[in-house]
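Please open the model in a viewer and keep the selection panel at hand. The tour proceeds by successive selections, each followed by a description of what is found there.

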Amino acid sequence: MSVSPTPADFSLGKIEQDEAQAQNFAEGQGGDQISAADYDPSLDRREDEQRRVNAPVVVSDEEYEEEEDIDDMFAVATSERKKVRKVKKVAKPSAPALIATNLDSAADSEGYYSIILGEQLDGGRYQVFSSLGKGMFANVVRARVLQGDPNETGKEVAIKIVRCQESMYKAGLKEAQILMKLKQGDPEDKKHIVRLDRMFEHRGHLCLVFENLSMNLRDVVKRFGKDVGLNIRAVRAYAHQLFLALSLLRKLNIMHADIKPDNILVNEQKTLLKLCDLGSASDASENDITPYLVSRFYRAPEIILGVPYDPSLDIWSIGCTLYELYTGKILFPGRSNNQMLLLMMELKGRFNSKMIKKAKFGDVYFDEMGAFQSVDIDKVTGADVMKKVHISKPSRDLRARIMPSASAKLKDEENKMLLSFIDLLDKCLALDPARRITPREALVHPFIRG
């Protein structure tokens, strides 16, 4: 059962000891990391979209330098590969004839709905009053309820308007189906997953109506903890709520498959969060091997290696997210899948041989002697250079990244809380998914339990 914190339960800013630790982190061992606040997942959007449109959906070594994330909390999917995987599995009725073509008179040249502020949708039920942004596969508006249930009149909602394209329509239907299943599994709204109110069609575009929430967690870090992260008590409250969300997903055998700060929304008071954007979600039985599932910085190693995955991939993403919330830095800022694996091994040690042997892409990354084939960029020529790296033990330490320097003295309670936080992260970030902590175990972990 969720015990949602009140504004008095925690503050977002760091206390004095935390600030000293964060300064130590920024100047010392964490100085080479990317700021979570400054990171813009949409930087390479245009180049990436072009690559996805033109490239065939095959796996090759060259493709490991691909994609950047799309900063759209309501995106139907975050890569062409995800979209193809989802559509192949969908067992839904065909899209109506009116969306048989890619565009309609209300769409722009790319199939996005042309938003008009003040426009009424769904027969006058909603009136659009602001735009919340455009992602790769949809745009989102904020609207006000004008008619319908008298108790709802005047309420604000967020409406995701899917681009006018048949495969996206089908993917949107699948997302709605999963959201309704989660809503039915949480009738009292205590599991911290965004609520889908209803859906409708408007001029050939599928529209999903969501509860209205405030900013996402990346914006929270940017505003309240830029480069230093959030107060450990705020992180604990958020972690509790995230593991409640994951407990429901696990119970219903659903994988979110794109957990990151951008896909977690908070209320106006910043005390209650909701996991959102289930455009990449699927039943746990749908585990087609694809090395680009989940946004890269939050992508579990089994996905990259091509090992059959399960809901524990979301636990890895939560570990990366919680680290980011507390430190203000991205834990694994790899520019490719290859570099992601190297960063993971530097922190957690070598993958066991059994995992490498059953990995579909194991020979892409490891030679027959077990050496990691690291691909780097030559600083002079800019060309890719491959070198063999032998890793046995971790060369970086999670505890050193999080604990303050000896000069910053912590109270016993603060010290105990940080040590239990490190232990929780360590259990979330087990390289072997079978050894990762489960949502049920996390909810009784000392860091969450307090």
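Select Asn216 and Asp219 together: a polar atom of the Asn216 side chain lies 2.9 Å from the backbone nitrogen of Asp219. The model is a predicted one, and this distance is computed from its coordinates. Extend the selection along the chain, and Asn216 appears in the loop that joins strand S6 (205-211) to helix H5 (217-224). Is Asn216 buried or exposed? Its relative accessibility is 9%, so Asn216 counts as buried, the cut-off for that class being under 20%.

Next, select strand S4 (residues 156-162), which contains Lys160. An unreviewed UniProt entry gives Lys160 the feature "binding site". Add Glu175 to the selection: the side chains of Lys160 and Glu175 form a polar contact at 2.8 Å. With a relative accessible area of 0%, Lys160 is buried.

Now display the whole chain as a cartoon. The secondary structure of the protein consists of 15 helices and 12 strands. Of its 450 residues, 56% are buried. Among contacts with a separation of 6 or more, 69% link residues 24 or more positions apart.

From this view, isolate helix H6 (residues 232-251) and helix H13 (residues 412-428), whose axes are 11 Å apart and meet at an angle of about 35 degrees. The crossing of H6 with H13 is left-handed. To see the contact, show the side chains of Ile232, Arg233, Val235, Arg236 and Phe243 on H6, then those of Glu413, Glu414, Met417, Leu418, Phe421, Leu424 and Cys428 on H13. Coloured by class, the residues of this contact comprise 8 nonpolar, 4 charged and no polar.

Keep H13 on screen and replace H6 with helix H8 (residues 312-327). The axes of H8 and H13 are 8 Å apart, and the packing angle is about 145 degrees. H8 and H13 also cross in the left-handed sense. On H8, select Ile315, Trp316, Gly319, Leu322, Tyr323 and Tyr326; their partners on H13 are Leu418, Phe421, Leu424, Leu425 and Cys428. How many residues of the contact of H8 with H13 are charged? There are no charged residues, and the contact has 10 nonpolar and 1 polar.

As a last selection, take Leu418, Phe421, Leu424 and Cys428 of H13. These residues are part of the contact with H6 and also of the contact with H8.

How values were computed. Residues are numbered from 1 along each chain as its sequence is written. This is a predicted model: local features need pLDDT of at least 70, side-chain atom pairs count only at pLDDT 80 or more; totals for chains, interfaces and linings use all residues. Side-chain values use heavy atoms; hydrogens and water are left out. Axes are lines fitted to C-alpha atoms, for helices over the stretch in contact, and angles run from 0 to 180 degrees between N-to-C directions. Helices (H or I, at least four residues) and strands (E, at least two) are DSSP runs, numbered from the N terminus. A crossing is left-handed if the near helix is turned anticlockwise from the far one by less than a right angle, and right-handed if clockwise. Contact means heavy atoms within 4.5 Å. Ala, Val, Leu, Ile, Met, Phe, Trp, Tyr, Cys and Pro count as nonpolar, Asp, Glu, Lys and Arg as charged, and the others, Gly among them, as polar. UniProt positions are given in the numbering used here, feature names are shortened, and annotations may be inferred rather than shown by experiment. Buried means under 20% relative accessible area, exposed over 50%, partly exposed in between (1.4 Å probe, protein chains only). A polar contact is a pair of N or O atoms within 3.5 Å; within protein, one must be able to donate a hydrogen and the other to accept it, and residues adjacent in sequence count only if both atoms are side-chain atoms.
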